[in-house]
Amino acid sequence: MEGDRMEMANQKQNIHVEVHVKSQCTAKLSEVKLHVLALLNRHSMVFGNYRWAEFDEDFLQRNVESVSLVDLEAITTQPLDLKTCSVSVHIFTLNEDGPSTLSLEDDEELSAANHWLLPAAEFHGIWDSLVYESGVKTELLDYVTTTIYFSDKNVDSNLISWNRVVLLHGPPGTGKTSLCKALAQKLSIRLSSRYSYGQFVEINSHSLFSKWFSESGKLVTKMFQKIQQLIDDKDALVFVLIDEVESLTAARNACQAGTEPSDAIRVVNSVLTQLDQIKRHSNVVILTTSNVTEKIDLAFVDRADIKQYIGPPSEKGIYNIYLSCLEELMKCQIIYPRQQLFTMFELETMGFAKSEVSEPSLNLRSIALKSEGLSGRALRKLPFLAHALFVKTPTVTLERFLEAMALAVDKQREEKANLINAV
């Protein structure tokens with residue numbers, strides 16, 4: 001037992017470094033990697049996630065937008081010496097094109113889905129903006145990484161079963177769809193040595209079932225044939241997102257109850273059949289979300305390897321969301337002058353002791369406490385509402401802005417209560 005512990009202690013921690021290179025960069029990836037490793041060697045002691053966006057070296061200035069140490073909060077809360085770690089460097093450029101549509105028929109404007117090439121500029125930064133309970137994002141990353149690893153090792157899926165299907169469920173506004181997009185973006189970067197690029201296809205269940213009943217499963221089959229063409233490129237890692245997957249169940253239940261055309265059930269069954277076919281490929285991951293957990297089709301739930309609940313943020317999550325918002329407003333000099341705000345970890349370390357320096361952070365914590373129950377979407381909107389409704393001047397001090405935020409939270413809670421009473 002003691003030997004096992006020693007062996008685990010001696011294993012090097014794996015640290016991921018994401019290198020965002022400029023779109024006009026013509027340098028070889030191997031050359032970029034050498035310069036990044038030299039940078040990390042010069043700054044080997046780190047504490048938590050860190051990002052360099054300015055460089056003292058000419059090569060990095062010319063070719064690189066940023067170098068980021070990522071996902072370190074899942075590993076340690078202590079200072080880390082990179083020289084004792086195994087460092088994985090992931091180099092990427094962002095695709096600036098917006099989404100295109102996967103259309104089914106030339107003579108009809110039937111938009112089957114939206115399609116992005118990854119990593120996409122539109123998805124950049126979403127991963128860091130999403131704040132959940134410890135471990136949620138890391139577990140999802142590890143799941144898909146293991147899926148690819150098992151496939152590469154030719155593990156017999158008849159003996160060890162996995163379906164490449166992720167289900168994120170929970171109340172509206174908790175960032176499930178955004179997390180799917182961020183996860184796909186993250187993995188297209190993390191697995192860039194294995195796949196040249198990523199593809200992201202977002203299917204809208206509502207449009208699927210509101211428009212296409214009369215055409216039975218024919219158009220659904222055509223849509224998945226389009227997706228199959230993407231999967232046939234083995235250099236691509238393909239993500240298929242079905243938002244609000246409970247729509248599958250709603251359609252099936254409605255037709256069984258006789259309130260929808262009998263043709264409808266063939267549409268639902270066609271979707272499930274097509275999903276079963278594409279998940280056999282090693283380079284596809286199916287991501288799904290649901291706001292109404294109890295209505296999800298059991299036939300679909302059985303297909304999901306991971307069923308992850310995404311709930312409203314905790315007090316710590318709310319604090320971190322607000323902290324990132326305030327840092328952004330200080331960077332843009334809307335809140336001025338800049339003042340120090342502590343992280344929740346730093347506040348806990350100092351025992352929440354009140355002082356002149358810690359007072360703004362403690363005020364923010366009290367705002368976070370009374371914000372519990374608000375969705376992540378509402379929390380991200382709150383600093384904007386605070387400025388629009390209670391500040392009304394171009395720049396504002398941090399102290400004044402925190403007062404405005406407290407008023408905005410009270411207003412949000414009052415509006416929410418009125419809405420519930422009205423319903």
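Let me start with a definition, since I'll lean on it throughout: a residue is buried when its relative accessible area is under 20%, exposed when over 50%, and partly exposed in between, using a 1.4 Å probe and protein chains only. With that in hand, take Gln-333, which is partly exposed because its relative accessible area is 49%.

Before going on, a word on the model. It is a predicted one, in which local features need pLDDT of at least 70 and side-chain atom pairs count only at pLDDT 80 or more, while totals for chains, interfaces and linings use all residues. Residues are numbered from 1 along each chain as its sequence is written, and side-chain values use heavy atoms, leaving out hydrogens and water.

So, the overall picture. The chain has 16 helices and 13 strands; these are DSSP runs numbered from the N terminus, with helices being H or I of at least four residues and strands being E of at least two. Of the 423 residues, 48% are buried. The accessible surface is about 21,700 Å², and carbon and sulfur atoms account for 50% of that; areas here come from the Shrake-Rupley method with a 1.4 Å probe, and for residues only the protein chains shown count as cover. As for contacts, meaning heavy atoms within 4.5 Å, if we take those between residues at least 6 apart in sequence, 76% join residues at least 24 apart.

Now to the strands. Which partners does β1 have? Strand β1, residues 14-21, pairs in the parallel sense with β6, residues 86-92, over seven bridges. It also pairs with β4, residues 64-70, this time in the antiparallel sense over six bridges. To be clear on terms, two strands pair if DSSP finds at least two bridges between them. If you'd like to find these on the screen, look for Ile-15, whose bridge partner in β6 is Val-87, and for Val-19, whose partner in β4 is Val-67. Seven of the eight residues in β1 are buried. As a reminder, side chains in a regular strand alternate between the two faces of the sheet.

Further along there is β10, residues 197-204. Six of its eight residues are buried, and it runs parallel to β11, residues 236-243, with eight bridges between the two. Val-201 and Val-240 in β11 are bridge partners. I'd like to pause on Glu-202, also in β10. Why does this glutamate count as buried? Because its relative accessibility is 15%. Beyond its neighbours within four places in sequence, Glu-202 contacts Ala-113, Asn-114, Trp-116, Thr-177, Lys-181, Leu-241 and Asp-243.

Next, a pocket. The second largest one has a volume of about 390 Å³. Of the 21 residues lining it, the closest to its centre are Gly-173, Thr-174, Gly-175, Lys-176 and Ser-178. Helices α6 (176-190) and α15 (376-391) are the elements giving two or more residues to that lining. How is this pocket defined? On a 1 Å grid over the protein atoms alone, a pocket is an open set of points where a 1.4 Å probe fits, with protein on both sides within 12 Å along at least five of seven lines, and lining residues have an atom within 4 Å of a point. Its volume is the space filled by probe spheres set on the points, with grid points joined across faces, edges and corners.

On to Ser-361, which sits in helix α14, residues 359-369. It is buried, because its relative accessible area is 0%. Outside the four places on either side in sequence, Ser-361 touches Tyr-319, Gln-340, Leu-341, Phe-342 and Leu-347. From Ser-361 to Met-344 is 17 residues in sequence and 8.6 Å in space, C-alpha to C-alpha.

Last, some backbone geometry. Most residues other than glycine have a negative phi, and most peptide bonds are trans. Here, Leu-118 and Pro-119 are joined by a cis peptide bond with omega about -5°, and Pro-119 is in the loop between β8 (111-118) and α4 (126-129). Tyr-336 to Pro-337 is cis too, with omega near 0°. Pro-337 lies in the loop between α12 (315-331) and α13 (344-349), and our opening residue, Gln-333, is found in that loop as well. Gln-333 has a positive phi, near 60°. Lys-392 also has a positive phi, about 60°, in the loop between α15 and α16 (398-422); it counts as exposed because its relative accessibility is 64%.

Thanks, everyone, and I'm happy to take questions.
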